[in-house]
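These are my notebook entries on a structure I went through one feature at a time. I wrote down what I looked up in the order in which I looked.

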Amino acid sequence: RASTIRKVQTESSTGSVGSNRIRTTLTLCVEAIDFDSQACQLRVKGTNIQENEYVKMGAYHTIELEPNRQFTLAKKQWDSVVLERIEQACDPAWSADVAGRVFFSAVVMQEGLAHVCLVTPSMTLTRAKVEVNIPRKRKGNCSQHDRALERFYEQVVQAIQRHINFEVVKCVLVASPGFVREQFCDYMFQRAVKTDNRLLLENKSKFLQVHSSSGHKYALKEALCDPTVTSRLSDTKAASEVRALDDFYKMLQHEPDRAFYGLKHVEKANEAMAIDTLLISDELFRHQDVATRARYVKLVDSVRENMGTVRIFSSLHVSGEQLSQLTGVAAILRFPVAELSDQEDESSSEED
């Protein structure tokens with residue numbers, strides 16, 4: 001239930017028909033949602049289920065929800081995961097922490113390609129993508145290459161100034177293969193000195209150079225694994241997610257009996273009370289099938305009861321995307337548990 005604007009047709013005493021935009025409060029039974037990450041707006045579509053003088057019962061309408069706009073949400077059943085997220089979102093201390101400390105930006109680049117991203121506690125947003133064709137260096141004539149590279153660097157600098165709010169951002173990662181990041185930063189700050197660009201010069205200490213294998217968005221995960229980055233961003237949710245996923249991969253490599261993924265295997269490990277850290281994607285709690293969703297919630301509750309740690313990954317972060325490729329649920333175990341597949345093989349051989 002929320003306040004919204006509806007276009008209403010009116011007929012005058014003379015019979016002429018006109019239309020007015022009228023603010024009214026509607027109660028919808030939600031059928032579809034669409035989240036616009038750039039505008040930070042949630043569009044909720046559904047049918048009207050409460051009497052209203054302007055809108056018929058059963059008529060379709062879309063309400064746009066955004067931060068600091070009041071609305072009422074009613075559900076037949078609320079699970080523990082959803083309630084926890086609502087409490088966190090409504091906590092003024094948490095909100096203040098987010099506003100002042102936890103945001104950081106990243107520029108992931110290679111020659112001719114750069115992504116300017118904003119990393120918030122709940123998502124990674126691509127604010128700008130810069131692409132410039134860079135000709136190859138030729139013997140005795142590098143001018144075309146150098147001019148194109150300078151044009152590319154200039155466009156990246158403009159994107160940084162346009163899309164990064166230095167009042168909110170704690171740190172700006174500049175990641176690239178080779179020496180691209182060093183050359184770019186040298187260009188940016190030399191240019192800032194020449195043009196007396198106070199914004200960049202005053203925030204020079206916020207820029208942190210790290211290695212990445214490419215200029216594509218997925219390379220941001222490598223940058224976040226860098227020790228200098230993890231120490232500087234130790235209090236951010238995105239960095240802790242990357243660290244937890246990195247720990248899982250190390251365990252999978254060195255002690256595979258203590259690293260499980262896939263719902264069936266993880267549930268088996270939970271039955272043995274073996275889970276130390278559960279890694280789970282938040283998109284699983286939005287599953288269309290209510291019974292499947294309840295299964296994931298039950299797993300989270302059970303792990304917490306057994307004194308395990310639960311890390312809920314945002315599917316809109318690069319680490320969350322990577323976890324989704326591993327079925328969206330994984331676990332680091334306290335002690336080795338025999339592989340589920342091995343147990344199945346044993347039971348089938350006994351039956352034979």
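Which hand does the crossing of α8 and α11 have? I noted that this crossing is left-handed, keeping in mind throughout that the model is a predicted one. I then looked up the geometry and found that the axes of α8 (residues 237-254) and α11 (residues 318-325) come within 9 Å and cross at roughly 35 degrees. On the α8 side the contact is made by E241, V242, L245 and Y249, and on the α11 side by S319, Q322 and L323. I sorted these contact residues by character and got four nonpolar, two polar and one charged.

**The five-stranded sheet**

I turned next to an open sheet of five strands, whose order is β8-β7-β6-β9-β10 and whose pairing is mixed. The edges are held by β8 (124-131) and β10 (207-211), and each of them has a single partner strand, so one side of each is left without a neighbour in the sheet. I also recorded the twist, which averages 20 degrees between neighbouring strands when direction is ignored.

I spent some time on β6 (residues 104-110), which pairs in the parallel sense with β9 (residues 172-176) over four bridges. Within this pair I could place S105 opposite V172 and V107 opposite V174. Towards β7 the arrangement is antiparallel, with seven bridges joining the two strands, and here Q110 stands opposite L113. The hairpin of β6 and β7 has two residues between the strands, and in it G112 takes a positive phi near 90 degrees.

How many of the seven residues of β6 are buried? I found six of them buried, so far as the under 20% cut-off goes, and the strand is therefore mostly covered. I also noted that helix α3 (residues 143-163) lies across β6, β7 (113-119), β8 and β10, and that α3 runs at about 150 degrees to β8.

**Two residues with positive phi**

Most residues other than glycine have a negative phi, so I looked up the exceptions that came to my attention. D196 has a positive phi of about 55 degrees although it is not a glycine, and D196 is found in the loop between α4 (180-195) and α5 (198-202). M307 is another non-glycine residue with a positive phi, near 65 degrees, and its place is in the loop between α10 (290-305) and β13 (309-313). Are these residues buried, partly exposed or exposed? D196 is partly exposed, with a relative accessible area of 44%, whereas M307 counts as exposed at 69%.

**A buried asparagine**

I looked up N270, which lies in helix α9 (residues 263-271) and counts as buried because its relative accessibility is 10%, where the cut-off is under 20%. Leaving out residues up to four places away in sequence, I listed I275, L299, S302, V303 and N306 as the residues that N270 touches.

**Cysteines**

How many disulfides does the model have? The count comes to zero, taking a disulfide as a pair of cysteine sulfur atoms within 2.5 Å. For C185 I checked the nearest cysteine sulfur, which is that of C171 and is 11 Å away, so C185 is in no disulfide by the 2.5 Å limit. C185 counts as buried at 4% relative accessibility, while C29 is partly exposed, with a relative accessible area of 39%.

Conventions
Residues numbered from 1 in each chain as written. Predicted model: local features only at pLDDT ≥ 70, side-chain atom pairs only at ≥ 80, totals over all residues. Heavy atoms only, no water. Buried < 20%, exposed > 50% of the residue type's maximum accessible area, 1.4 Å probe, protein only. Axes fitted to C-alpha atoms, helices over the stretch in contact; angles between N-to-C directions. Left-handed = near helix turned anticlockwise from the far one by under 90°. Contact = heavy atoms within 4.5 Å. Nonpolar A, V, L, I, M, F, W, Y, C, P; charged D, E, K, R; others polar. Pairing = 2+ DSSP bridges.
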